[in-house]
Amino acid sequence: MYKHPRQEVEAYPLPPSESNSVGKLRYVPVNNSRKRYCMLEPSSSPDSTVLVSNNNNNNSGYEDTSASCVTDDFNDKIKELETAMMGPDSSDLPLYYNDSFASTSSQETNSWRSTLEAVSRRDLRADLVSCAKAMSENDLMMANSMMEKLRLMVSVSGEPIQRLGAYLLEGLVARLASSGSSIYKSLNRCPEPASNELLSYMHVLYEVCPYFKFGYMSANGAIAEAVKNENRVHIIDFQIGQGSQWVTLIQAFAERPGGPPWIRITGIDDMTSAYARGGGLSIVGNRLARLAKKFNVPFEFNSVSVSVSEVKPNNLGVRPGEALAVNFAFVLHHMPDESVSTENHRDRLLRMVKSLSPKVVTLVEQEANTNTAAFFPRFMETMDYYDAMFESIDVTLPRNHKQRISVEQHCLARDVVNIIACEGADRVERHELLGKWRSRFGMAGFTPYPLSPLVNSTIRTLLRNYSDKYRLEERDGALYLGWMKRDLVASCAWK
C-alpha cells in the first residue's frame with residue numbers, strides 16, 4: 001500500500017470531479033496459465049465489470065479471450081459484472097419505494113433512506129464474512145452462491161464498505177480460482193496506469209490521508225533528536241520512494257543553530273516507486289541535491305540498486321565518523337520471515353542493521369495482523385483495517401471524484417487482493433502488530449529510543465487539517481495514529 005509520493009514545490013493539480021465515474025475491464029494475461037484476469041479501471045464507459053477468469057482446456061497453449069468462468073463450475077454463474085461492482089448506489093432505490101412514500105415529507109423519506117442504507121451495509125459485511133467462512137471450510141457451493149449475491153451489492157463508487165467489498169470480492173474469487181499468485185504478479189508487471197498517473201494517485205493519497213505525513217514526521221523527529229550534536233550524518237532509507245520524507249528534514253537541518261551538518265543519504269529502491277517516477281534513483285538524488293543546495297546544506301546521495309532482501313553491509317557504504325540513522329518506513333512488512341523461508345530476511349535484516357551500530361533506527365508500520373494468521377481471521381482483520389481506511393478517505397475525497405476510484409484501485413486494492421488471494425512467498429503484504437515488531441527488534445539487540453516530545457504536539461496540529469475522527473495516542477514509547485477506534489499506523493524508534 002504505502003509508497004512515497006513525490007513532493008514538489010508546485011502541488012499536483014487535481015482533475016475536475018466526474019460524477020459518473022465507472023469502470024472498464026482490462027485483460028491481464030497470466031504467463032504459463034490458462035487463466036486471464038480482468039482488473040477494474042476508471043472510465044466513463046457504462047460497460048463495467050470487475051473480475052473475469054478464463055479457463056481454456058486446450059493444451060495448444062492458445063488462450064481464448066472470450067469471457068468464461070473462474071472454474072468450470074462457474075460457467076453458468078459468472079455473468080456480466082457491471083452491476084456487481086458498479087452496483088446499486090444508495091440513490092438508486094426501487095420505484096415502489098418512492099411511490100409508497102410519495103405522500104411523506106422529504107425529511108421522512110431521507111430517514112427511511114438512511115435506515116435502508118445502514119441495513120444494506122450490515123448485510124454486506126455479514127455476507128462477505130459468510131463467503132469467506134464458507135471458503136475457509138471448503139464449502140465451495142456456498143461460496144459460489146454468496147459471490148453471486150455479493151456481486152449485486154458491491155460498488156467502487158458506493159459507500160466505503162461497498163468499495164472495499166468490491167476488492168475483497170476480487171480477492172475471494174481469485175483465491176477460489178487458485179490464481180491469486182499469478183494475478184498479483186501480473187498486476188505488478190502491468191504497464192498501466194502510466195507512470196505519471198500512478199505518481200499522481202500516490203500524491204492524492206498522500207494529501208488526503210495523514211498516514212505518510214504522520215510516519216515521516218515521527219521518524220524525522222527521532223532522527224533529528226538523535227543527531228542534533230553531530231556534524232556528519234548518514235541516513236539509510238530502505239525504501240526511499242520519491243524521497244519526500246527528507247525534504248522537511250533537510251530544511252530543518254538548514255535552520256540548526258551553529259549551521260547544518262554534512263548529510264549523506266543512501267536510498268534503496270523498489271519497483272513500484274521506480275515505475276511511478278519514470279526512472280532510477282538518480283532522479284531522487286538530483287532532486288534532493290537541488291533542495292540541499294537551495295538551503296546551503298552539504299549533501300551527498302548514494303543509490304543502492306538491489307532489492308531490500310538482498311542488501312549487504314558493503315552496499316551501504318558506511319564510513320567511520322558518521323552518525324548513522326536507519327529508516328524503515330512502511331517496508332519491513334514486505335520482508336519474508338521464518339514462516340515463509342528459512343532465510344528469514346525480516347530478522348536477518350534487523351541483525352545486519354544492528355551490526356552497523358546506528359545512533360537511531362526508526363520504524364513506521366501499518367498496525368495490522370496479517371502475517372501468519374490463517375485465512376479466515378486474516379480476512380476479518382483485512383476487512384476491519386481497510387474499512388477504517390476507506391472511511392477516512394471518504395471524509396476528504398468526494399465519493400464521485402474519478403481519481404478517488406483510481407487512488408483506491410492502484411494504491412490499495414492490490415494490497416487487499418494479495419492479502420486475501422495469495423499464500424506462501426507470493427503473499428508479500430505481511431503486516432504485524434507493534435508488539436511483534438518489539439519482539440523482533442529486541443531479539444536483534446535493539447533497545448527503545450524515546451520519540452521527540454515535540455513530535456506529538458506537531459502531529460496533533462497536523463491532524464486538525466483532516467478530521468476530528470483521527471486520533472493520536474502515545475503508548476509505551478510509541479505513537480499510534482488511528483481512525484476512531486481502530487489503530488492504523490504505529491511509529492517508534494530504536495538504538
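**Close-up views of a predicted model**

**Figure 1. S357, a loop residue.** With a relative accessible area of 58%, S357 is exposed. Here, as in every view below, the structure is a predicted model. S357 belongs to the loop that runs between α13 (345-355) and β7 (360-366). Although S357 is not a glycine, its phi is positive, at about 55°.

**Figure 2. N296, a residue in the loop between α11 and β5.** The backbone of N296 has a positive phi of about 60°, and N296 is not a glycine. Is N296 buried or exposed? N296 has a relative accessibility of 63% and therefore counts as exposed, the cut-off for that class being over 50%.

**Figure 3. The protein chain as a whole, for orientation.** The secondary structure of the chain consists of 17 helices and 11 strands. The chain has 495 residues, and 56% of them count as buried. Contacts between residues at least 6 apart in sequence were also examined: 75% of these join residues at least 24 apart. The structure holds 26 salt bridges, and some of them are shown in later views.

**Figure 4. Helix α9 and its surroundings.** Helix α9 covers residues 245-254, and its buried residues are Q245, W246, V247, L249, I250 and F253. Which elements do the buried residues of α9 pack against? The helices among them are α8 (211-226) and α11 (282-294). The strands are β3 (232-237), β4 (262-268), β5 (299-304) and β6 (323-329).

**Figure 5. The contact of α9 with α11.** Two packed helices are described by the angle between their axes and by the distance between those axes. For α9 and α11, the axes come within 10 Å and cross at roughly 20°. Angles under 35 degrees count as roughly parallel, so α9 is roughly parallel to α11. The crossing in which α9 passes α11 is right-handed. On the α9 side the contact is made by W246, V247, I250 and Q251, and on the α11 side by R287, L288, L291 and A292. By class, the residues of this contact are 6 nonpolar, 1 polar and 1 charged. Of the α9 residues in the contact, W246, V247 and I250 are also listed among the buried residues of the helix.

**Figure 6. The salt bridge of R125 with D387.** Side chains of opposite charge can pair when their charged atoms come close. In the pair of R125 and D387, the closest N and O atoms are 2.7 Å apart. This salt bridge links distant parts of the chain, with R125 in helix α3 (residues 106-136) and D387 in helix α14 (residues 375-396), 262 residues apart. R125 has a relative accessibility of 27% and counts as partly exposed. D387 counts as buried because its relative accessibility is 9%, which is under 20%.

**Figure 7. The salt bridge of E423 with R175.** The two side chains meet with an N to O distance of 2.9 Å. This pair also links distant parts of the chain, 248 residues apart: E423 is in the loop between α15 (402-421) and α16 (434-443), and R175 is in helix α5 (residues 160-176). E423 is partly exposed, at a relative accessible area of 32%. R175 is partly exposed as well, at 23%.

**Figure 8. R378 and the residues it touches.** R378 is part of helix α14. At 2% relative accessibility, R378 counts as buried. Which residues does R378 touch, not counting residues up to four places away in sequence? R378 touches R175, T370, A373, I419, I420, C422, E423 and R427. This list includes R175 and E423, the partners in the salt bridge of the preceding view. For R378 and I419, 41 residues apart along the chain, the C-alpha atoms are separated by 7.8 Å.

**Figure 9. The salt bridge of K213 with E207.** The closest N and O atoms of K213 and E207 are 3.4 Å apart. K213 is buried, with a relative accessible area of 17%. E207 is partly exposed, and its relative accessible area is 36%.

**Figure 10. A network of salt bridges.** Which residues are linked in the network? The residues are D337, E338, R346, D347, E432 and R440.

How values were computed:
Residues numbered from 1 in each chain as written. Predicted model: local features only at pLDDT ≥ 70, side-chain atom pairs only at ≥ 80, totals over all residues. Heavy atoms only, no water. Buried < 20%, exposed > 50% of the residue type's maximum accessible area, 1.4 Å probe, protein only. Helix = DSSP H or I, 4+ residues; strand = E, 2+ residues; numbered from the N terminus. Contact = heavy atoms within 4.5 Å. Axes fitted to C-alpha atoms, helices over the stretch in contact; angles between N-to-C directions. Parallel < 35°, antiparallel > 145°, perpendicular 65-115°, else oblique. Left-handed = near helix turned anticlockwise from the far one by under 90°. Nonpolar A, V, L, I, M, F, W, Y, C, P; charged D, E, K, R; others polar. Salt bridge = Lys/Arg side-chain N within 4 Å of Asp/Glu carboxyl O.
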